[in-house]
Amino acid sequence: MRSSIPGDDLQILLHEADTFSRRLVRRLRLPRADLDDIRQDLLVDLIARIPAYDPDRGSIGAFAGVVLRNQATRIAAKVNRQRQLHGAVPVSLDEPVPESDGLTRGDLVAEENGLAALLGQPVDAFAEIERRLDVERAMGGLGRADGRLCAELSRATADRLAASGHGARSSLYRRVKDLRLALTAMGLQAA
Amino acid sequence: MNAISPELSAGRLQISEIDLCGCIGHAAPGAVVEYHRGFLALDLVPQVTRLPERDRLELGRVARRAWWAADRGLVHLVQRRLGPSAFAYLAVVRPKPRHAAISLSSLLQVDAA
């Protein structure tokens with residue numbers, strides 16, 4: 001069957017469809033294997049709309065761009081709908097949950113399931129309080145100067161303290177080493 | 001008075017300073033940690049000890065740490081005689097003090113002021 005689309009125009013259509021399909025796959029982060037299907041969907045729609053092309057209104061490339069852009073938007077919307085249906089779309093934690101008296105999605109996520117727990121940070125409030133009490137008890141066994149150094153080290157590294165005139169770097173590191181031993185002897189474990 | 005024989009100082013390094021701190025910090029009250037066996041006063045003397053130099057220095061740190069812990073009320077230091085000029089040096093873990101002498105919050109506020 002002989003095509004009614006001239007060879008040069010067909011090349012333009014194929015090139016535009018290829019460009020749009022690659023862009024769409026990249027933007028939606030679709031698998032590479034979907035590229036051919038996306039390209040085919042775009043081409044089928046574009047070729048079906050060729051009868052509406054008016055050469056007096058613009059080039060075939062411009063016409064193809066408009067058509068492909070619209071079809072690409074429809075394909076993207078369809079993909080996003082499918083992802084929402086199967087839970088593969090980022091959701092805002094501030095989004096309110098319907099019929100839940102103003103609760104947000106973030107309110108429904110337990111601390112144990114949050115990002116902090118995933119990264120290994122402590123999320124047990126009782127354990128944190130006990131740790132705080134242990135730290136205060138241990139620091140009570142230090143001299144006042146060592147206690148102040150601990151407070152300063154909670155804000156800055158030993159290098160920064162040395163740079164800001166709190167003592168020589170080597171002596172600060174010696175004190176830190178001694179503090180580590182002293183706090184271990186008092187029952188504190190390294191975080 | 002008998003001459004001090006080098007053979008008397010046959011002690012060896014039992015525990016490192018960090019391990020001693022760990023034992024003191026995490027052992028239950030009443031636990032006994034043997035931090036040296038030998039004759040400590042001689043084992044620390046470089047001209048007499050048979051310990052390698054590195055071990056001798058570490059033993060010095062261990063002994064000072066044991067004394068420090070006793071001074072802070074974390075351990076009782078006792079010795080058990082094993083024979084002539086040979087002792088087991090023991091640290092008996094005491095209950096940890098309950099009340100903090102320094103408040104962490106006050107330290108942080110003072111430092112921020």
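## Two chains, two nonpolar cores

In this predicted model, the largest nonpolar core holds 28 residues, and B:Leu20, B:Ile24, B:Tyr35, B:Ala66 and B:Ala91 touch the most other members. Both chains feed this core. From chain A, helix H5 (125-140), helix H6 (144-153) and helix H8 (169-185) each give two or more residues. From chain B, helix H1 (17-26), strand S2 (32-38), helix H3 (53-71) and strand S4 (86-93) do so. H3(B) supplies the largest share, with five residues. A second, separate core has 14 residues, including A:Ala17, A:Leu43, A:Leu46 and A:Leu68.

Start with B:Leu20, one of the residues that touch the most other members of the largest core. Residues up to four places away in sequence are set aside here. Beyond them, B:Leu20 touches B:Ile15, B:Val33, B:Tyr35, B:Val62, B:Arg65 and B:Ala66. Two of these partners, B:Tyr35 and B:Ala66, also appear among the core residues that touch the most other members.

Now turn to chain A as a whole. Chain A has eight helices and zero strands. Its elements, read from the N terminus on, run α-α-α-α-α-α-α-α. Of its 191 residues, 16% are buried. Consider the contacts in chain A with a separation of 6 or more: 41% of them join residues 24 or more positions apart.

How do H1(A) and H3(A) pack, at what angle and with their axes how far apart? The angle is about 30 degrees, and the axes are 10 Å apart. An angle under 35 degrees counts as roughly parallel, so H1(A) is roughly parallel to H3(A). Their crossing is right-handed. On the H1(A) side, the contact uses A:Asp9, A:Ile12, A:Leu13, A:Glu16, A:Ala17, A:Phe20, A:Leu24 and A:Leu28. On the H3(A) side, A:Ile60, A:Gly61, A:Ala64, A:Gly65, A:Leu68, A:Ala72, A:Ile75, A:Ala76 and A:Val79 meet them. By class, the residues of this contact are 13 nonpolar, two polar and two charged. A:Ala17 and A:Leu68 take part in this contact, and both belong to the second core.

H3(A) also packs against helix H2 (residues 35-48) of chain A. The two axes come within 10 Å and cross at roughly 130 degrees. H2(A) and H3(A) are therefore oblique to each other. The crossing is again right-handed. H2(A) brings A:Ile38, A:Asp41, A:Leu42, A:Asp45 and A:Leu46 to the contact. H3(A) answers with A:Ala64, A:Val67, A:Leu68, A:Gln71, A:Ala72 and A:Ile75. Sorted by class, this contact has eight nonpolar, one polar and two charged residues. A:Leu46 and A:Leu68 sit in this contact, and both are also in the second core. A:Leu68 thus links the threads, because A:Leu68 is in the contact of H3(A) with H1(A) and in the contact of H3(A) with H2(A).

Next, look where H1(A) hands over to H2(A). A:Val25 is found in helix H1 (residues 7-28) of chain A. Is A:Val25 buried, exposed or partly exposed? The residue is partly exposed, because 19 other C-beta atoms lie within 10 Å and a buried residue needs 20 or more. Not counting residues up to four places away in sequence, A:Val25 touches A:Leu30, A:Asp34, A:Leu35 and A:Ile38. A:Val25 and A:Leu35 are 10 residues apart in sequence, and their C-alpha atoms are 6.4 Å apart in space. One partner, A:Ile38, is also part of the contact of H2(A) with H3(A).

A:Arg29 is found in the loop between H1 and H2 of chain A. Its phi is near 55 degrees, a positive value in a residue other than glycine. With 7 other C-beta atoms within 10 Å, A:Arg29 is exposed. Chain B offers a parallel case. B:Ser85 is not a glycine, yet has a positive phi of about 55 degrees. This residue lies in the loop between strand S3 (75-83) and S4 of chain B. B:Ser85 counts as partly exposed, with 17 C-beta neighbours inside 10 Å.

One more loop in chain A closes the tour. A:Glu112 has its place between helix H3 (60-85) and helix H4 (115-118). A:Glu112 counts as exposed, with 10 C-beta neighbours inside 10 Å. Neighbours within four places in sequence aside, A:Glu112 is in contact with A:Ala117 and A:Val123. A:Asp124 lies 12 residues away in sequence and 8.2 Å away in space, C-alpha to C-alpha.

How values were computed:
Residues numbered from 1 in each chain as written. Chains lettered and ligands numbered in written order. Predicted model: local features only at pLDDT ≥ 70, side-chain atom pairs only at ≥ 80, totals over all residues. Helix = DSSP H or I, 4+ residues; strand = E, 2+ residues; numbered from the N terminus. Buried ≥ 20, exposed ≤ 12 C-beta atoms within 10 Å, placed from the backbone. Contact = placed C-beta atoms within 7 Å. Axes fitted to C-alpha atoms, helices over the stretch in contact; angles between N-to-C directions. Parallel < 35°, antiparallel > 145°, perpendicular 65-115°, else oblique. Left-handed = near helix turned anticlockwise from the far one by under 90°. Nonpolar A, V, L, I, M, F, W, Y, C, P; charged D, E, K, R; others polar. Core = buried A, V, L, I, M, F, W, Y, C linked by C-beta atoms within 7 Å.
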